[in-house]
Amino acid sequence: MQALKKKGIKFAMDDFGTGHSSLSSLKKLPLDQIKIDQSFIHDIPENNDAAVIVQTIIAMGNNLGMEVIAEGVETTAQKDFLIQHQCVNFQGYLFGNPMPVNEFERVFKEQDFKW
């Protein structure tokens with residue numbers, strides 16, 4: 001991974017907080033991004049425990065210089081909570097449903113996105 005990183009390849013840890021993702025991985029692996037598992041996002045901002053966990057993951061990722069991405073964002077309240085806590089990268093049904101690539105390209109062109 002270190003050799004690939006030197007060549008400009010970036011790495012993300014998916015589903016952070018579940019399964020095999022661990023805090024020790026954050027210091028061992030050359031990660032650029034962590035993606036907060038949707039199981040934590042689902043209950044914010046209503047569930048205080050979930051909210052504290054998400055805030056902690058965001059702060060930790062930001063303090064380690066990583067891009068933090070929230071998976072499974074489905075409501076404006078979730079998005080607003082994340083923005084308030086310095087997470088500005090999201091994915092989820094709030095922004096669109098999965099679609100075939102040709103349909104995505106058509107929608108993308110119609111929206112006239114400016115990067």
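The following paragraphs describe the overall architecture, the nonpolar core and several individual residues of a predicted model.

The protein contains 6 helices and 4 strands, and these elements follow the pattern α-β-α-β-α-α-β-α-β-α when read along the sequence. Along its principal axes, the C-alpha trace spans about 45 × 40 × 25 Å. Of the 115 residues of the protein, 30% count as buried, and the exposed surface amounts to about 7700 Å², of which carbon and sulfur atoms supply 54%. Among the contacts with a separation of 6 or more, 41% are accounted for by residues 24 or more positions apart. The charged side chains comprise 11 positive and 15 negative groups, and the centres of these two sets lie 14 Å apart.

The largest nonpolar core consists of 22 residues, within which I34, I36, I41, I44, V54, I58 and L82 touch the most other members. Two or more residues are given to this core by each of the elements β1 (12-16), β2 (33-36), α3 (38-41), α4 (48-63), β3 (67-70) and α5 (76-84), and the largest share, 5 residues, comes from α4. For I44, one of the core residues with the most contacts to other members, the contacts beyond four places in sequence are made with A50, A51, V54, Q78, F81 and L82; of these partners, V54 and L82 are themselves listed with I44 among the residues that touch the most other core members. The backbone at I44 is also notable for its geometry, in that the peptide bond from I44 to P45 is cis, with omega near -5°. The second residue of this bond, P45, is found in the loop between α3 and α4.

Two charged residues are of interest with respect to burial. K35 has its place in strand β2 and, because its relative accessibility is 17% and the threshold for burial is under 20%, K35 counts as buried. The side chain of K35 is joined to that of Q91 by a polar contact of 3.2 Å. When neighbours within four places in sequence are left aside, the residues in contact with K35 are M13, D14, D15, F16, I69, E71 and Q91, so that Q91 appears both in this set of contacts and as the partner in the polar contact.

D32 is found in the loop between α2 (23-28) and β2. With a relative accessible area of 17%, D32 is likewise buried, because this value falls under the 20% threshold. A polar contact of 2.4 Å is made between the side chain of D32 and the side chain of K5. Residues up to four places away in sequence being excluded, D32 touches K5, I9, K10, F11, M66 and E67, a list in which the polar partner K5 is again included.

A further backbone feature is located at Q86, which lies in the loop between α5 and β4 (89-90). Although Q86 is not a glycine, its phi is positive, at about 70°. In terms of accessibility, Q86 is exposed, because its relative accessible area of 53% is over the 50% limit. The residue Q86 thus combines a positive phi with an exposed position, whereas D32, which also has its place in a loop, is buried.

Notes
Residues are numbered from 1 along each chain as its sequence is written. This is a predicted model: local features need pLDDT of at least 70, side-chain atom pairs count only at pLDDT 80 or more; totals for chains, interfaces and linings use all residues. Side-chain values use heavy atoms; hydrogens and water are left out. A nonpolar core is a set of buried Ala, Val, Leu, Ile, Met, Phe, Trp, Tyr and Cys residues joined through side-chain atoms within 4.5 Å. Buried means under 20% relative accessible area, exposed over 50%, partly exposed in between (1.4 Å probe, protein chains only). Contact means heavy atoms within 4.5 Å. A polar contact is a pair of N or O atoms within 3.5 Å; within protein, one must be able to donate a hydrogen and the other to accept it, and residues adjacent in sequence count only if both atoms are side-chain atoms. Accessible areas come from the Shrake-Rupley method with a 1.4 Å probe; for residues, only the protein chains shown count as cover. Lys and Arg count as positive and Asp and Glu as negative; His and the chain ends are not counted. The place of a charge is taken as NZ of Lys, CZ of Arg, CG of Asp or CD of Glu.
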